[in-house]
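Reader: I am a first-year student, and I should be grateful for a close look at one part of this structure, the place where its chains meet. Please explain each term as it arises.

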Amino acid sequence: MPQDPVDVLIIGAGASGAAVAWSLADTRMKIVCMEQGGWVNPADYPTNYRDWELQQLGKFNINPNARDLETDYPVNEDESPIKIANFNGVGGSTILWAAHFPRFHPSDFRVKSLDRVADDWPIDYETLEPYYAENDRMTGVAGLEGDPAYPPKAVNLPPVSLGKLGEKLAGGFNELGWHWWPSDSAIATEPFDGRDKCVNLGPCISGCSQGAKASTDITYWPHAIRNGVEVRTRCRVSEITVNAKGMADGVIYFDENGEEQKQQAEVVIVAGNGVGTPRLLLNSRSSLFPDGLANTSGLVGKNLMFHPYAYVEGLFNEPLGGHKGPGGCCIWSQEFYETDRSRGYVRGYTMEMTRGRGPIATALGGVMSGRIPWGDEHHGTYQQVFDKSAGMVIICEDLPELHNTVTLDPVLVDSNGIPAPKINYTLSKNSVKMLEHSVARGKEVLMAAGASEVSSGAPLGMAGWHMMGTARMGTDPGNSVVNEWGRSHDVKNLFIVDGSIFVTSAGVNPTSTIQALALYVADSMKKRLANLFD
Amino acid sequence: MSDIVSTDSPFTQEQKQTLAILVDMMIPANDVMPSAADPDIFSVILSYLADAAEDIGKGIAALNALSLERYKKSFLTLDDESRGAIVSDFMAQYGEPVMQLQIHTVSSYYMNDRVLEALGLEARPPFPGGYEMEPSDWSLLDPVRAREKIYREI
Ligand SMILES: Cc1cc2nc3c(=O)[nH]c(=O)nc-3n(C[C@H](O)[C@H](O)[C@H](O)COP(=O)(O)OP(=O)(O)OC[C@H]3O[C@@H](n4cnc5c(N)ncnc54)[C@H](O)[C@@H]3O)c2cc1C
Ligand code: SF4
């Protein structure tokens with residue numbers, strides 16, 4: 001039976017869906033958000049249990065194919081060296097995120113003008129600045145003011161602790177005279193907006209039992225719901241439908257029981273992330289839009305950007321207390337962020353220090369790599385390694401390329417029979433050179449910090465957690481999917497607010513920018529309510 | 001199947017003996033640390049391996065076949081030296097069962113109370129206790145604070 005029509009239908013309750021819902025709530029329109037997953041119970045997170053390191057590999061696994069829950073959709077990632085990491089549920093991938101919260105740099109919006117690659121964004125840092133600030137206030141960002149890598153910006157919580165590990169690595173950066181700074185972290189280091197403060201559990205990327213990490217189920221959503229937004233869980237949208245005039249008029253979705261349902265809406269906002277969104281648009285074919293909805297430009301699903309990651313790890317001769325503290329957030333360095341053509345590539349990267357591994361991960365990693373032997377030598381070698389390793393992941397800017405795509409797999413379907421996405425992705429020469437440069441610098445700084453052994457790997461295979469560019473924004477309808485405030489060029493009541501609309505990826509984690517954009521799109525809509533579809 | 005000891009264990013007595021020898025060879029006891037074949041730890045290993053019992057059974061059969069082929073004796077009757085030689089070949093050759101054995105031996109061992117305490121860790125889940133961290137020395141940032149801005153002005 002069709003439900004009552006709604007004013008605004010948001011698809012996806014993750015980072016961007018939550019932000020846009022909260023912002024639009026003050027219009028008092030009837031807003032419904034459909035989310036294929038459910039609410040997550042923090043009591044289920046692995047850190048509640050003794051076997052937390054094993055549980056991380058189960059239902060909170062970062063890879064949807066490994067997790068394989070009914071609420072997940074499979075992804076064919078065979079043709080990509082970088083595999084998808086996400087979560088499907090209220091909070092979206094922020095349930096599992098590490099909570100690094102960097103902003104883009106002003107130069108990131110001007111890569112064509114500055115470096116003659118890709119395209120400039122149709123908006124700039126200044127346009128987004130107030131939304132970055134608003135998003136910070138809603139999220140609670142731990143950090144320190146005065147970072148010379150950024151224009152001045154306020155922070156609202158004390159920085160995450162350095163710990164012995166952070167101090168050791170900071171010493172290495174100081175030795176070389178390189179930039180470092182405590183990571184901007186979406187973590188409540190003091191009680192914030194009803195959330196308890198971080199108690200340094202460690203493995204934030206399997207969910208924060210303490211509720212200190214800013215996943216949107218506990219940041220934006222309670223506020224949005226209090227302001228009247230309805231979240232409908234276990235609703236998987238299979239298609240956005242259009243009327244004879246080519247306007248979106250609602251969606252078809254599958255409910256928890258696998259029954260097909262319809263929902264009419266005046267405005268549809270897609271927030272399904274850089275893979276989920278193009279998948280849905282490509283699945284929404286009609287006689288008016290035979291190549292998928294909003295795809296006159298042919299760019300839906302094209303220009304997929306991940307951030308190619310490297311890791312570099314060093315072994316020290318003293319305990320570093322690495323199991324304490326937010327696992328992903330410690331200090332970072334943007335010494336090599338801005339373009340320097342003498343390095344053999346354009347654009348740049350951020351080095352993000354990670355804390356140590358748990359006892360099981362240390363043993364498994366050591367045994368699998370051959371570093372820790374079985375037998376009589378096992379204990380001695382384990383003691384040399386455990387709590388003595390420290391390192392970093394390095395996040396490199398990816399540039400848009402047409403051949404990196406999200407398409408529909410001809411065979412693979414989800415549990416409702418909806419065609420699943422297929423990823424085709426190769427690393428560019430620029431990325432390969434940047435990764436090489438970053439690994440060499442990573443080793444240099446770990447040695448300067450006192451490491452006796454260093455190891456590295458690139459690209460990091462499990463690191464497809466940032467999905468961007470697959471429905472890019474721009475002013476030219478022939479060369480972009482949405483306009484400069486997130487509205488589809490083709491369908492005037494269809495908006496996109498997730499990382500799909502990124503023009504370029506920058507060399508930082510994207511979520512602060514994704515959410516700032518979602519707030520900016522919402523504000524742009526509110527300012528134009530009288531003539532939103534003109 | 002008279003040699004199955006407990007009704008809810010999928011492993012035969014002989015399979016259990018073989019597994020106990022294997023895990024002890026992987027992680028033997030020393031002055032401080034227990035062996036992975038310590039009953040408390042071994043029972044956990046067996047419970048985790050139960051899901052992979054079929055693979056493990058095949059692996060043990062292969063190990064015995066290797067032993068019979070090379071020494072004309074079953075694995076359980078070999079001396080330590082012969083076992084050592086055969087186990088390293090077995091580990092190198094049999095992907096899936098060996099992988100399962102390694103993962104579950106390591107996991108069960110490194111979440112055991114005695115093992116964690118011997119490593120200087122508290123034997124508990126991270127939540128709700130969490131961990132105290134020492135105060136940070138922010139004077140380390142002085143040289144960075146002293147730098148000019150390093151971002152590109154547009
Ligand atoms: C392990 C991990 C670590 C990360 N660490 C960081 C970090 O430190 N910093 C950072 O900035 N970012 C990080 N990220 C990435 C960050 O989580 C994402 O950038 C962010 O969540 C993206 O927001 P989104 O709204 O675009 O998508 P998501 O948050 O992924 O939300 C999309 C939602 O849409 C739903 N959906 C999709 N399609 C449909 C459909 N057809 N019907 C109904 N619902 C649908 C999904 O179920 C999902 O809940 C990390 C991610 C992971 C997995
Ligand atoms: S370290 Fe802090 S933010 Fe991370 S999971 Fe633990 S309490 Fe949560």
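Author: The answer below begins with the interface and then follows its salt bridges into the chains.

This is a predicted model, in which local features need pLDDT of at least 70 and side-chain atom pairs count only at pLDDT 80 or more, while totals for chains, interfaces and linings use all residues. Residues are numbered from 1 along each chain as its sequence is written, chains are lettered from A and ligands numbered from 1 in the order in which they are written, and side-chain values use heavy atoms, with hydrogens and water left out.

Contact here means heavy atoms within 4.5 Å. In that sense, 63 residues of chain A are in contact with 49 residues of chain B. Buried area is the accessible area (1.4 Å probe) that two parts lose on being put together, summed over both. Chain A and chain B bury about 4800 Å² between them, and 67% of this lies on carbon and sulfur atoms. Three residues, Arg50(A), Trp374(A) and His379(A), supply 17% of the area that chain A buries against chain B, more than any other three residues.

Polar contacts also cross the interface. A polar contact is a pair of N or O atoms within 3.5 Å; within protein, one must be able to donate a hydrogen and the other to accept it, and residues adjacent in sequence count only if both atoms are side-chain atoms. The rule finds 20 residue pairs in polar contact across the interface of chain A and chain B, both residues being at pLDDT 80 or more. Several elements give two or more residues to the side of chain A that touches chain B, among them helix 2 (52–55), helix 6 (163–176) and helix 10 (378–385) of chain A. Helices (H or I, at least four residues) and strands (E, at least two) are DSSP runs, numbered from the N terminus. Helix 9 of chain A gives the most to this side, with 6 residues. By type, the residues of the side of chain A that touches chain B divide into 30 nonpolar, 20 polar and 13 charged. In this division Ala, Val, Leu, Ile, Met, Phe, Trp, Tyr, Cys and Pro count as nonpolar, Asp, Glu, Lys and Arg as charged, and the others, Gly among them, as polar.

The charged residues lead to salt bridges. Side chains of opposite charge can pair when their charged atoms come close. A salt bridge is a side-chain nitrogen of Lys or Arg within 4 Å of a carboxyl oxygen of Asp or Glu. By this rule the count comes to 33 over all chains, and 5 salt bridges are found across the interface of chain A and chain B. Arg152(B) forms a salt bridge with Glu338(A), with the closest N and O atoms 3.4 Å apart. Both residues belong to a network of salt bridges that also links Asp108(A), Asp115(A), Arg347(A) and Glu397(A).

Within that network, Glu397(A) forms a salt bridge with Arg347(A), the closest N and O atoms being 3.0 Å apart. This pair links distant parts of the chain, 50 residues apart: Glu397(A) is in the loop between strand 12 (389–396) and strand 13 (405–413) of chain A, and Arg347(A) is in the loop between strand 10 (331–333) and strand 11 of chain A. Both Glu397(A) and Arg347(A) are buried. Buried means under 20% relative accessible area, exposed over 50%, and partly exposed in between (1.4 Å probe, protein chains only).

Other salt bridges lie within a single chain. Asp119(A) forms one with Lys112(A), the closest N and O atoms being 4.0 Å apart; Lys112(A) is partly exposed, with a relative accessible area of 44%. In chain B, Asp80(B) pairs with Arg83(B), at 3.9 Å between the closest N and O atoms. Both lie in helix 4 (residues 80–93) of chain B, 3 residues apart, about one turn of the helix. An α-helix has 3.6 residues a turn, so residues three or four places apart point the same way. Asp80(B) counts as exposed because its relative accessibility is 63%, whereas Arg83(B), at 12%, counts as buried.

Finally, one residue beside helix 9 deserves attention. Gly356(A) is found in the loop between strand 11 (349–354) and helix 9 of chain A. With a relative accessible area of 26%, Gly356(A) is partly exposed. Gly356(A) touches Leu165(A), Gly322(A) and Ser389(A), not counting residues up to four places away in sequence. Gly356(A) and Leu165(A) are 191 residues apart in sequence and 8.2 Å apart in space, C-alpha to C-alpha.
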